Amino acid sequence: MTEEGSIEAGRRRFNRWALAPSLIVLLVIAVVPALYLLTISLTPFQLVNPGSATDFSAPLRNYRLLPGDPRFVNSLWVQAKLSFWGVLFQVLLGMSLALLLHTRSRFVEFARTFFLIPMVLPPIVVAVIWKLIYTPDISPLYYAAGLLHWTMPSLTSSVDFALIAIIVADTWEWLPFTFLMVLAALQTIPEEYSEAALVDGANRLQIFFYVTLPFIAPVLVISAMFRLIDSVKAFPLIFLLTGGGPGSITEVTNYYAYLLAFDSGEIGYSSAVTVVMLLLVLAVSFGVMWIGRRREALT
Amino acid sequence: MIPTKPIQAASGVSRRRLLQAGAATFGAATFPLPAIAQTKPFAGVTLHGASFQHHFFTLLQNYIPEFEEQSGMKVDLQLSAFPVYNQQANLELSSGGSAFDFVNVTFFLAARWVAAGLLANLDEFTSDPNLTPAEWNPKDFVEGAQVPYCDAKGATYGYSWEGGAMVMGLSRMDLMEKKGLKIPRTFAELQQVCAGINGTDNVNGFVSFQLHHWCLPPYIQGFGGNVFRNPPADVMPTLNSPQAVEAVEFYANLLKNYAPRGVITYTEDQARQSLLTGRSNILIHSSSWITPTLMSDESKVKDTARIVRMPAGPVHDYPASNSQGLGIPKNAKNKKAAWEFIKWALSPEISMRLVKEHGHSSICRRSVIESEAYRRLNTVNGQDLGALYLEVLELPAKGENYMAYRTVKEFPIVGDVINKAVEQVVTGQLSGRDAMNAAQEQAVANLRRAGTPL
């Protein structure tokens, strides 16, 4: 082995040892529980029957039952609607806000900080804020509607508005994320490009579509993917605002898994639901990584 | 010599012996180590217990130092929010853990825990006169409140510390009198009173909350149906019986037409607040949620409120009741010490002190509920709330145990389905019949999935 090769091998060995502690922590806090979840999903484990945790006589039984469970299928559909509309609004509004606030002034800088508040609040606090807003007896929204002699329906218990109410609250909470990402991207665009376009006679709309948008498009895609993965975590809002109702109108998959595990005690079946959800999220995550790599390759 | 010896001894030793004896007496009084060993058999034991946060335990914590002083043990009582506690305790007991020496046996988990053999048989303690004196008297607990904690053979796995008797609170009797309406005694009259009051003075006729699996069954039973075919022996759900359909339509009609906007998302607190402020006229719920209408400083309707039995159905008059109990996990490390604590916490003396010193009324000892002190404290505006509480609480033990549906381990699975069905009917997603047909189908499927033979 040459001296250069030996140095390279030593460097690789060092890298492996340096990474080892992080990998061990990751293994303990992520991989082991995930494997346990997968194992339990292969059993009919019931809280009332502790022995069933080691019953592997029909390992795929839970997975075979899932497609025939209308609440599970409905929960996937509800999750899809919540994720699609939530992410769409967060990206569009976050981008619009970033474009509006992409100027230099003290007021705008203050406004930027102000807009970040919802994202840094604990999710349960966000849920409480929206609970107050959506409760007709105490809500300023309903009070204002009353002054205008308009009888607003109860949004969180209405078939037509319950999911929208959740989407609005979720958008309010996470819009700052896309706002921040897009704002950072906007700040990297050289001003000369816009100035050159202006000199060439382009109007503001044309500058946005032909100069700004191509620059921020990759960031928009990445933000959307991240938000898509995160949209599965709307649990506190649903738990506090609607309880998955009315009926199953806002019952997303993780809330259904929660009810199965902790209300009905069906840990095995709930784990199977969770594993399916995990696989879906993993698929989206791989999508994000693929887009990231493709972008790197293009640039 | 002989006669003088005692004299000598008496006289010779008298000062020294007297001093020694005095010192010994003083020492024994100051450092009574052997006495501690005898009267404090649990010295050095730390007892770990868990429950959900409840006023009872907040009050009990004031007295626990006295118990620790008497017994020598230290009590580590962990109190969590209701859902958190239930999840934690359920997991702990189901996994055969021994982290807790005593636990709250939540009403709806009682049957599961008893059936799965997760709790210690307390008869072994009560039947031993060395462990339980006769005055403690296990028979003193209201029988209806004890039903969930007994197995089919009659063995006891818990003793109730809290009773909940479903009663009806009316906040605006003044409005009702103005309109010539009387207290409703039947379901039909309940509907009439709700219709008569709703909208008057901005008052809603009725209010309820999101735990429909607690609120709906008395209507199902009132119309002659049940949640299961013949619980606990036969747990086939009967949610799509004509009586159950009639009940869900009746109850949904009250919520749709006479309750505040958004009532299906109301928590118990919101419903109580609506009654206490007079924004809603009728709330039917456990006595501990209703009695503040007459007794709480928060209440704005003390002078116009009444608390009575919930109306009877055309077939049955079955107001719901429940209780919370204290029990000992099968794998607890300090079972005897845990029993000592339960015995003390639920003793007639502590129960009476809770009543007298704190006005805490939802206890389950008959002798205390029937005492003069209890009656005096719980008679408001001429209404004997204690008598009403006892009357409802003991109903399930008289004749048919109609609350059996709620004590079977299958109930949580079916209860979840009931909640969904009521919401679907109230919001107009499905008719009563369709919702209950779907609920029946779902309940059967879920029970089969959970391995229940039907």
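Select first Glu340(B), which lies in helix α17 (residues 335–345) of chain B. Helices (H or I, at least four residues) and strands (E, at least two) are DSSP runs, numbered from the N terminus. The model is a predicted one, in which local features need pLDDT of at least 70 and side-chain atom pairs count only at pLDDT 80 or more, while totals for chains, interfaces and linings use all residues. Residues are numbered from 1 along each chain as its sequence is written, and chains are lettered from A and ligands numbered from 1 in the order in which they are written.

**The surroundings of Glu340(B)**

Is Glu340(B) buried or exposed? With 23 C-beta neighbours inside 10 Å, Glu340(B) counts as buried. A residue is buried if 20 or more other C-beta atoms lie within 10 Å of its own, exposed if 12 or fewer, and partly exposed in between, with C-beta atoms placed from the backbone. Next, display Phe42(B) and Ser71(B), with which Glu340(B) is in contact when its neighbours within four places in sequence are left aside. Two residues are in contact if their C-beta atoms, placed from the backbone, lie within 7 Å. Add Met73(B): its C-alpha atom is separated by 10.0 Å from that of Glu340(B), although the two residues are 267 residues apart along the chain.

Now extend the selection to the whole of α17(B), which is mostly covered, with eight of its 11 residues buried. Among the buried residues are Trp339(B), Phe341(B), Ile342(B) and Lys343(B).

**Chain B as a whole**

Select chain B in full. Chain B has 24 helices and 11 strands, and its C-alpha trace spans about 110 × 55 × 35 Å along its principal axes. Of the 454 residues of chain B, 49% count as buried. Of the contacts in chain B with a separation of 6 or more, 73% are between residues 24 or more positions apart.

**Helix α21(B)**

Proceed to helix α21 (residues 385–393) of chain B, where seven of nine residues are buried. These buried residues are Leu385(B), Gly386(B), Leu388(B), Tyr389(B), Leu390(B), Val392(B) and Leu393(B).

**Strands of chain B**

Select strand β7 (residues 282–286) of chain B. Five of its five residues are buried, so β7(B) is largely enclosed by the rest of the structure. Add strand β4 (residues 159–170) of chain B, which pairs with β7(B) in the antiparallel sense over five bridges; two strands pair if DSSP finds at least two bridges between them. Within this pair, Val167(B) stands opposite His285(B).

Next select strand β5 (residues 228–230) of chain B together with β6(B). Two bridges join these antiparallel strands, and they form a hairpin with three residues between them. Asn230(B) stands opposite Asp234(B) in β6(B). In a regular strand the side chains alternate between the two faces of the sheet. Which residues form the covered face of strand β6 (residues 234–237) of chain B? Val235(B) and Pro237(B) form that face, and Asp234(B) and Met236(B) form the uncovered one.

**A helix crossing in chain B**

Select helix α13 (residues 242–258) and helix α24 (residues 432–449), both of chain B, which pack at an angle of about 120 degrees with their axes 9 Å apart. Axes are lines fitted to C-alpha atoms, for helices over the stretch in contact, and angles run from 0 to 180 degrees between N-to-C directions. The helices α13(B) and α24(B) are therefore oblique to each other. Angles under 35 degrees count as roughly parallel, over 145 as roughly antiparallel, 65 to 115 as roughly perpendicular and the rest as oblique. To view the contact, display Ala244(B), Val245(B), Val248(B), Glu249(B) and Ala252(B) in α13(B), which meet Gly432(B), Arg433(B), Ala435(B) and Met436(B) in α24(B). This contact of α13(B) with α24(B) has six nonpolar, one polar and two charged residues. Ala, Val, Leu, Ile, Met, Phe, Trp, Tyr, Cys and Pro count as nonpolar, Asp, Glu, Lys and Arg as charged, and the others, Gly among them, as polar.

**From chain B to chain A**

Finally, display both chains: 28 residues of chain A are in contact with 27 residues of chain B. On the side of chain A that touches chain B, the largest share, three residues, comes from helix α11 (residues 253–263) of chain A. The residues on that side of chain A divide into 12 nonpolar, 13 polar and three charged.
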